[in-house]
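Me: I am new to this structure and would like to know what lies behind the words used for it. Please take me through the terms one at a time.

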Amino acid sequence: MDLTKRFEGRTALITGAGSGIGAATARRLAAEGARVLVTDVDEESARTVAADLPNATAHRLDVTDRQSVDEVIGGLPALHVLVNNAFVPFVDDPDDNWRRQLHGTLLGAVHCSRAALPHLAATGGAVVTIGSVNAEADFGDHAYSAAKAALGSYTRTLAGEAAPHGVRVNQINPGTIATPSWAGREQALAALGARAYPLGRVGTPDDIAAAVAFLASPDAAWITGTTLRVDGGLMAVNRHFREILDEAEAEDA
Ligand SMILES: NC(=O)c1ccc[n+]([C@@H]2O[C@H](COP(=O)([O-])OP(=O)(O)OC[C@H]3O[C@@H](n4cnc5c(N)ncnc54)[C@H](O)[C@@H]3O)[C@@H](O)[C@H]2O)c1
């Protein structure tokens with residue numbers, strides 16, 4: 001196998017691919033030979049991303065619209081890889097925010113996965129869902145954390161249902177990634193990179209795209225139902241604890 005062309009002859013559909021991690025994933029899978037369906041609720045951004053890729057088409061796809069998901073995904077001739085990536089922005093009203101996160105972040109991925117499953121069963125394909133470290137600890141928004149945590153559970157239960165059909169289902173929980181969703185907060189990203197992240201920087205969309213490509217590829221042929229943290233060591237190393245301890249021990253000394 002040519003390791004640089006792991007997706008030759010395969011078709012990949014990415015949701016929310018008009019920006020950030022989704023766009024980087026589209027570029028990565030295309031570079032490895034995939035025919036990429038660049039989908040986004042914002043069709044213009046999907047077109048812009050697809051225009052730069054060798055073998056890609058752009059499609060408007062709102063993951064919250066069950067009927068449209070069934071039409072677009074169900075109507076495909078074949079599919080080998082589904083990447084559930086769309087990011088539903090936060091809103092101030094708490095009730096509305098809960099509804100949007102549960103409907104968009106959680107049910108959006110459920111709709112797309114269910115629509116894709118028959119195709120993936122026919123091709124021996126794979127699902128990769130983008131979660132977040134927010135699924136595992138408190139970094140702010142309750143609804144987003146709950147929806148992302150529920151996605152982890154869905155990844156495991158869907159993996160069980162899909163495994164007999166030769167379909168693998170995995171999730172990636174990224175730490176902070178410098179994407180347009182952080183626009184205007186460059187100082188915050190720099191401070192987080194320097195002080196919160198053991199590897200000294202926040203992540204790039206390409207860091208996540210590389211992990212998606214791995215989990216979607218035959219290199220991960222015996223991996224299913226797992227959640228891979230891609231977070232520069234954030235969750236494994238408690239920088240805050242160390243800083244408090246060092247400071248307190250200096251005072252004790
Ligand atoms: N950036 C981070 O720090 C970070 C950290 C952890 C996890 N994530 C996750 O990574 C994924 C991508 O985030 P990003 O930072 O690249 O976001 P982004 O804002 O750069 O891009 C998200 C895309 O999703 C699209 N979108 C919004 N609602 C949609 C809908 N209903 N249907 C289809 N598309 C829709 C937007 O139009 C946009 O193009 C998300 O699942 C997010 O939760 C991001």
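Reply: A residue is near a molecule if one of its heavy atoms lies within 4 Å of it. The model here is a predicted one. In it, 26 residues surround the ligand, and the closest are Ser 19, Ile 21, Asp 40, Tyr 144 and Thr 179.

Me: What makes the approach of Ile 21 to the ligand a polar contact?

Reply: A polar contact is a pair of N or O atoms within 3.5 Å. A backbone N or O atom of Ile 21 lies 2.8 Å from an oxygen atom of the ligand, so the pair meets the cut-off. Val 63 also qualifies, with a backbone N or O atom 3.0 Å from a nitrogen atom of the ligand. For Val 41, a polar backbone atom is 3.4 Å from a nitrogen atom of the ligand, which is again within 3.5 Å.

Me: Which side chain reaches the backbone oxygen of Val 63?

Reply: That of His 111, at 3.0 Å. His 111 is in helix α4.

Me: Why is His 111 called buried or exposed?

Reply: Buried means under 20% relative accessible area. His 111 has 7%, so it is buried. Leaving aside neighbours within four places in sequence, His 111 is in contact with Val 63, Thr 64, Arg 66, Val 69 and His 103.

Me: How do you know whether Thr 105 is buried or exposed?

Reply: The relative accessible area of Thr 105 is 5%. The limit for buried is under 20%, so Thr 105 is buried. Thr 105 also lies in helix α4, and a polar contact of 2.5 Å joins its side chain to that of Gln 101. Not counting residues up to four places away in sequence, Thr 105 touches Val 88, Arg 100, Ala 147, Lys 148 and Leu 151.

Me: How many aromatic pairs does a search of the whole structure find?

Reply: Three. One of them joins Phe 87 and Phe 90, with ring centres 5.6 Å apart and planes at 90°.

Me: Why is the pair of Phe 87 and Phe 90 called stacked or edge-to-face?

Reply: Rings pair if their centres lie within 6.5 Å, and planes over 60 degrees apart count as edge-to-face. The centres are 5.6 Å apart and the planes stand at 90°, so Phe 87 and Phe 90 form an edge-to-face pair. The rings of Phe 87 and Tyr 144 have centres 6.0 Å apart and planes at 90°, so this pair is edge-to-face too.

Me: What makes the pair of Phe 87 and Tyr 144 a tie between parts apart in sequence?

Reply: Phe 87 lies in the loop between β4 (81-84) and α4 (94-123), and Tyr 144 is in helix α5 (residues 142-162), so the pair ties together parts that are 57 residues apart in sequence. Phe 87, Phe 90 and Tyr 144 form one aromatic cluster.

Me: Which members of this cluster are buried, and which are partly exposed?

Reply: Partly exposed covers the range between the 20% and 50% limits. Phe 87, at 40%, is therefore partly exposed. Phe 90, at 42%, is also partly exposed. Tyr 144 has 11%, under 20%, and so is buried.

Me: What makes Arg 185 count as lying over the face of Trp 182?

Reply: The distance part of the rule asks for CZ of Arg within 6 Å of the ring centre. Arg 185 is at 4.2 Å from the ring centre of Trp 182, which is within that limit. The rule also needs a direction within 35 degrees of the ring normal.

Me: How do you know that the buried residues of α3 are on the same side?

Reply: In helix α3 (residues 66-74), the buried residues are Ser 68, Val 69 and Ile 73. They cover an arc of only 110° around the axis, which puts them on the same side of α3. Gln 67 and Glu 71 are exposed on the other side. The cover over the buried residues includes β1 (11-14) and α4.

Me: Why is Gly 74 called buried, partly exposed or exposed?

Reply: Gly 74 is in helix α3. Its relative accessibility is 42%, between the 20% and 50% limits, so Gly 74 counts as partly exposed.

Conventions
Residues are numbered from 1 along each chain as its sequence is written. This is a predicted model: local features need pLDDT of at least 70, side-chain atom pairs count only at pLDDT 80 or more; totals for chains, interfaces and linings use all residues. Side-chain values use heavy atoms; hydrogens and water are left out. Rings of Phe, Tyr and Trp (its six-membered ring) pair if their centres lie within 6.5 Å; planes under 30 degrees apart count as stacked, over 60 as edge-to-face and the rest as tilted. Buried means under 20% relative accessible area, exposed over 50%, partly exposed in between (1.4 Å probe, protein chains only). Helices (H or I, at least four residues) and strands (E, at least two) are DSSP runs, numbered from the N terminus. The arc is that of the directions from the helix axis to the C-beta atoms. Contact means heavy atoms within 4.5 Å. A polar contact is a pair of N or O atoms within 3.5 Å; within protein, one must be able to donate a hydrogen and the other to accept it, and residues adjacent in sequence count only if both atoms are side-chain atoms.
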